[in-house]
Amino acid sequence: MIDAPAFQDQIPGNYCWGCGPLNEYGLQIKSYWSGDESVCKWQPQHHFMAGPQHVLNGGIITSLMDCHCICTAMAAAYRSQGRSIGTEPLIWYATGSIQMTFRRPTPIEEHVTLRAWITETTDKKTTLSCSLSIKG
């Protein structure tokens, strides 16, 4: 059982379409620490379909991974400073680049699990890897 609030719920004024709890029309993902990686479980709705109605749209998948990774990078920065997410001064990140490899269609009926981990951190950049899976 997760006893900490989601990363996204701790970011003040978070109206992001992908991860903002304040955006009622958004995806509203929730990410949490599990050791040194972050985990997010999310249930697609049928209006997020691709051309085939049983497949999740690739743009939605990319948005999920982008927001999960951004929030993970921010949470890691706060963690490295020994501060709670959302405390002053605020830490914000933006995606510099994203590379996706789609291995097979993602069924829309099942919840997806995202896992992200930091692969490199410098003064100016944090690099992450992320996976999305169905049923493990």
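Is Asp-36 buried or exposed? I looked that up before anything else: Asp-36 counts as exposed, at 69% relative accessibility. A note to self before going on: this is a predicted model.

**Entry: Asp-36 and its partner**

I followed the side chain of Asp-36 and found a salt bridge to Arg-79, 3.9 Å from N to O. Asp-36 sits in the loop between β1 and β2, while Arg-79 is in helix α1, so this pair ties together parts that are 43 residues apart in sequence. I checked Arg-79 too, and it is partly exposed, with a relative accessible area of 42%. Arg-79 has another neighbour worth writing down: it lies over the face of Trp-33, at 3.9 Å from the ring centre.

**Entry: other salt bridges**

I counted 4 salt bridges in the model. One of them joins the side chains of Asp-9 and Lys-30, at 2.6 Å from N to O. Both residues lie in the segment before β1 (31-34), and they are 21 residues apart in sequence, so the bridge ties together two parts of that segment. For exposure, I noted 39% relative accessible area for Asp-9, which is partly exposed. Lys-30 also comes out as partly exposed, at 25%.

I then looked at Lys-135, which forms a salt bridge with Glu-110; their closest N and O atoms are 3.6 Å apart. Lys-135 is in the segment after β4 (126-134) and Glu-110 is in the loop between α1 and β3, so parts 25 residues apart in sequence are tied together here. Lys-135 counts as exposed at 69% relative accessibility, whereas Glu-110 is partly exposed at 29%.

**Entry: the nonpolar core**

Next I went inside. Nonpolar side chains tend to be buried together in soluble globular proteins, and I wanted to see who does that here. The largest nonpolar core has 25 residues, and those with the most contacts inside it include Leu-27, Ile-29, Trp-42 and Phe-48. I asked which elements feed it: β2 (37-42), α1 (58-80) and β3 (112-121) each supply at least two residues of this core. The largest share, 11 residues, comes from α1.

I picked Leu-27 for a closer look. Leaving out residues up to four places away in sequence, Leu-27 touches Trp-17, Gly-18, Trp-42, Phe-48, Ile-60, Ser-63 and Leu-64.

**Entry: aromatic pairs**

The structure holds 2 aromatic pairs. I wrote down the one formed by Trp-42 and Phe-48, which is tilted, with 45° between the planes and 5.6 Å centre to centre. Trp-42 is buried, with 7% relative accessible area. Phe-48 is buried as well, at 10%. Both rings also turn up on the contact list of Leu-27.

**Entry: cysteines**

How many disulfides does a search of the whole structure find? I got 0. I wanted to know why Cys-40 is unpaired, and the answer is distance: the closest cysteine sulfur, in Cys-130, is 8.7 Å away, too far for a bond. Cys-40 counts as buried, at 0% relative accessibility.

Cys-67 is in no disulfide either; the nearest cysteine sulfur, that of Cys-16, is 3.6 Å away. The cut-off I used for a disulfide is sulfur atoms within 2.5 Å, so this pair does not count. I logged Cys-67 as buried, at 9% relative accessibility.

Notes. Residues numbered from 1 in each chain as written. Predicted model: local features only at pLDDT ≥ 70, side-chain atom pairs only at ≥ 80, totals over all residues. Heavy atoms only, no water. Core = buried A, V, L, I, M, F, W, Y, C linked by side-chain atoms within 4.5 Å. Buried < 20%, exposed > 50% of the residue type's maximum accessible area, 1.4 Å probe, protein only. Helix = DSSP H or I, 4+ residues; strand = E, 2+ residues; numbered from the N terminus. Contact = heavy atoms within 4.5 Å. Phe/Tyr/Trp six-rings, centres within 6.5 Å; stacked < 30°, edge-to-face > 60°. Lys NZ or Arg CZ within 6 Å of the ring centre and 35° of its normal.
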